[in-house]
Amino acid sequence: MGLSSRTPPRVAVLLGGPSAEREVSLSTGRACAAALRDRSFEVIEVDCGPDLCADLGAAQPDVVLNCLHGRWGEDGCVQGLLEWMGLPYTHSGVLASALAMDKQRSKEVFRAAGLPVVESLIVSAATVRGSHVMDPPYVVKPNNEGSSVGVYLVEIENNGPPQLDDAMPAEVMVEKFIPGRELTTTVMGERALTVTDIQTTGWYDYDAKYKAGGSTHVVPADIPHEIFELCMDYALRAHNALGCRGVSRTDFRWDESKGAAGLFLLETNTQPGMTPTSLSPEQAQAVGISFGELCAWMVEDASCNR
């Protein structure tokens, strides 16, 4: 975008919204807005609703920092609106956002790029409730939500199929569970930052991600050099295969008993969280990029036609 004028740009921070991840988005947006204000940006916080187009028209921002999470804000919809309005915005564009949000389609892109992905299938929630559609252990999750909202781990000792909540969509993803470690790598532009080993006492669920003390982040991860470098390589390749822009974060499972063959790419998040416990700001900090610098970089990187 080349925001190099002496007057800091007027930034609209999009936050909240109607998705299942509204609360996380509010935390992300408020943290980013505060960081930008500390760096003398003029910031307008916009809690996104059905009047977003009119709200943005009234705010007249120079650039939009998209801090929405989940459907509508992360799946290409709001990106299309911003393109139509001609407003430079952060993170990935319409196509990359839509692809990354659809876990099954993004896996097809990853497979075509030669990246290792976990065996999975899309089936109806009713079928999953009725019988095991895959030998346990396996994971059941929505195909197009994030942040571990509505994720079920079906373990070997479970007697029957999972009784999914009524809020689950009509079609869900069933994915083979990979034992071992949860690893993640952030990509910022064309640079993979580092690898974090996410350690929890149980399943890495919504609370483990977003509640203080829910998980321990070891950054940089204390793992073999080969695995560390593969995570860095795979994350950058995934970012580029989807056509991502700005900041993305790619999550992995690693079965230590199988070495490099046990490393699998789970998904790429085009709108990583920016809360106090979030992984991407922590990784940036680990390589010498402060939270304020990260937020300012995202604003500088904003554009249309992403």
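Biologist: What comes right after helix α3, and what is its phi?

Modeller: In this predicted model, α3 is followed by Gly86, and the phi of Gly86 is positive, near 70 degrees.

Biologist: Which residues of α3 are called buried, and why?

Modeller: Val78, Gln79, Leu81 and Leu82 of α3 (residues 77-85). Buried means under 20% relative accessible area, so that is where these four fall.

Biologist: What puts the buried residues on the same side of α3?

Modeller: Their arc around the axis is only 160 degrees, which puts them on the same side of α3. As for what covers them, β1 (10-15), α2 (52-59), β3 (63-66) and α4 (94-101) are included.

Biologist: How do you know that α8 has close to the expected reach?

Modeller: Helix α8 (residues 225-242) has 18 residues and goes 26 Å from first C-alpha to last. At 1.5 Å a residue you'd expect 26 Å, and α8 comes close to that. Next along is Gly243, again with a positive phi, near 85 degrees.

Biologist: What covers the buried residues of α8?

Modeller: The cover includes α4, α5 (103-112), β8 (181-188) and β11 (247-254), among others. Underneath are buried residues including Phe228, Met232, Tyr234 and His239.

Biologist: Why are β4 and β6 called edge strands?

Modeller: The sheet is open, with antiparallel pairing and the order β4-β7-β5-β6. β4 (120-124) and β6 (152-154) each pair on one side only, so they are the edges.

Biologist: What makes β5 and β6 a pair?

Modeller: Pairing takes at least two bridges. β5 (residues 138-142) and β6 have 3, in the antiparallel sense, so they qualify. In one of them, Tyr138 has Val154 of β6 as its bridge partner.

Methods. Residues numbered from 1 in each chain as written. Predicted model: local features only at pLDDT ≥ 70, side-chain atom pairs only at ≥ 80, totals over all residues. Heavy atoms only, no water. Helix = DSSP H or I, 4+ residues; strand = E, 2+ residues; numbered from the N terminus. Buried < 20%, exposed > 50% of the residue type's maximum accessible area, 1.4 Å probe, protein only. Arc of directions from axis to C-beta. Contact = heavy atoms within 4.5 Å. Expected span 1.5 Å × (residues − 1).
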